[in-house]
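Dear colleague,

Please find below the sequence and the structure that I am handing over to you. My findings follow directly after them.

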Amino acid sequence: MEERQATTVLVEGVLPQWDATQTRILDAADDLIVRRGVHGVTIAELARRAGHSRPTIYRSWSDADDVVRSALLRRVAAIVAEFPEPSHSRGELVDDVLGFSTRFRNDAVYGRLLDEEPEAFTRYTLQRVGSSQRLILSWLSRAISAAQEHGDVRRDTPEEMAVMLLLVAQSAVLSHGTVSDLVSERAWERELRAVLDGLLRA
């Protein structure tokens with residue numbers, strides 16, 4: 001189901017939607033991830049916390065892992081929705097990417113994975129390009145295209161530039177905790193800003 005929703009995002013340019021029943025189940029998944037980690041997400045526990053039967057969950061998802069991926073997609077979609085207007089310059093685009101990175105790190109679910117389960121974060125976000133990454137790439141591509149019209153973003157293929165932006169930001173976010181004793185928060189943001197600006201500069 002998640003992949004079908006992701007296709008809708010990429011083809012129609014809209015964020016995925018979940019009905020009330022699916023939302024309750026995904027809310028339960030969020031709570032379980034924050035409290036117990038991804039290994040604590042089981043179909044039985046989801047059914048108990050959401051107040052729905054197991055067959056109801058299986059009508060939308062194939063297994064607990066599938067629910068986790070949809071939960072993560074929903075969290076990303078909520079963050080992307082905070083940037084409804086495309087950037088009109090390189091500076092605005094860099095600001096948006098940094099703003100997204102900050103919101104991502106501060107998100108209750110993703111923050112828990114980054115702090116407590118980096119291996120799970122890697123499995124769900126880095127080992128393959130899934131629905132969440134495709135949603136981010138779609139947003140970045142549109143933002144790059146809009147900023148290119150301003151004239152201070154180089155006019156290479158937006159989709160390819162988006163991939164590199166995602167890789168740089170994703171790596172910086174994943175490594176943030178590792179280097180926190182070596183570089184201050186202000187310096188981390190300053191240096192990431194410089195890297196992003198250099199990647200986009202015309």
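R49 and E45 both belong to helix α3, which covers residues 43-50, and they stand four residues apart, about one turn of the helix. In this predicted model, their side chains meet in a salt bridge with an N to O distance of 3.0 Å. The two partners fall into separate classes of exposure. R49 counts as partly exposed, at 30% relative accessibility, whereas E45 counts as buried, at 13%. Because buried means under 20% relative accessible area, E45 at 13% falls in that class, while R49 at 30% does not.

Helix α3 also contains I43, which counts as buried at 9% relative accessibility. The C-alpha atom of I43 is separated by 29 Å from that of R103, a residue 60 positions away along the chain.

Salt bridges

A search of the whole structure finds 22 salt bridges. Besides the pair in α3, I would draw your attention to two others.

The first joins the side chains of R74 and D27, at 2.8 Å from N to O. R74 is in helix α5 (residues 64-80) and D27 is in helix α2 (residues 20-36), so this pair ties together parts that are 47 residues apart in sequence. R74 is buried, with a relative accessible area of 16%, whereas D27 is partly exposed, at 40%.

The second is formed by D197 and R90, whose closest N and O atoms are 2.6 Å apart. This pair links distant parts of the chain, for D197 lies in helix α11 (residues 185-200) and R90 in helix α6, 107 residues apart. Both partners are buried: D197 has a relative accessible area of 17%, and R90 has one of 12%.

There is also a network of salt bridges that share partners, and it joins D31, R35, R36, E45, R48 and R49. The pair with which I began, R49 and E45, is thus part of that network.

Cavities

How many cavities of 30 Å³ or more does the structure hold? There are two. The largest cavity has a volume of about 200 Å³. It is lined by 18 residues, of which F100, I136, L166, A169 and Q170 are the closest to its centre.

Four helices each supply at least two residues of this lining: α6 (90-106), α8 (118-125), α9 (131-148) and α10. As to character, 13 of the lining residues of the largest cavity are nonpolar and five are polar, and there are no charged residues among them.

Helix α9, one of the helices that contribute to the lining, also holds S138. S138 counts as buried, at 12% relative accessibility. From S138 to F83 the C-alpha to C-alpha distance is 13 Å, and the two are 55 residues apart in sequence.

The surface at helix α10

V163, M164 and L167 make a nonpolar surface patch of about 250 Å². M164 is placed in helix α10, which runs over residues 158-175. Is M164 buried, partly exposed or exposed? With a relative accessible area of 41%, M164 is partly exposed. Membership of a patch requires over 30% relative accessible area, so M164 passes that cut-off at 41%.

The C-alpha atom of M164 is separated by 8.3 Å from that of L199, although the two residues are 35 apart along the chain. L199 lies in helix α11 and is buried, with a relative accessible area of 15%. Helix α11 is also the helix that holds D197, the partner of R90 described above.

The loop between α5 and α6

H88 is found in the loop between α5 and α6. At 47% relative accessibility, H88 counts as partly exposed. H88 and R105 are 17 residues apart along the chain, and their C-alpha atoms are separated by 25 Å.

When you open the structure, I would suggest looking at two places. One is the pair D197 and R90, which links helices α11 and α6. The other is the lining of the largest cavity, to which α6 also contributes.

With kind regards

Methods:
Residues numbered from 1 in each chain as written. Predicted model: local features only at pLDDT ≥ 70, side-chain atom pairs only at ≥ 80, totals over all residues. Heavy atoms only, no water. Patch = residues over 30% accessible without salt bridge, like charges linked within 9 Å, V, L, I, M, F, W, Y side chains within 5 Å. Areas by Shrake-Rupley, 256 points an atom, 1.4 Å probe, with all protein chains shown as cover. Salt bridge = Lys/Arg side-chain N within 4 Å of Asp/Glu carboxyl O. Buried < 20%, exposed > 50% of the residue type's maximum accessible area, 1.4 Å probe, protein only. 1 Å grid on protein atoms, 1.4 Å probe; cavity = no way out; pocket = protein on both sides within 12 Å on 5 of 7 lines; lining within 4 Å. Points joined across faces, edges and corners; volume = space filled by probe spheres on them. Nonpolar A, V, L, I, M, F, W, Y, C, P; charged D, E, K, R; others polar.
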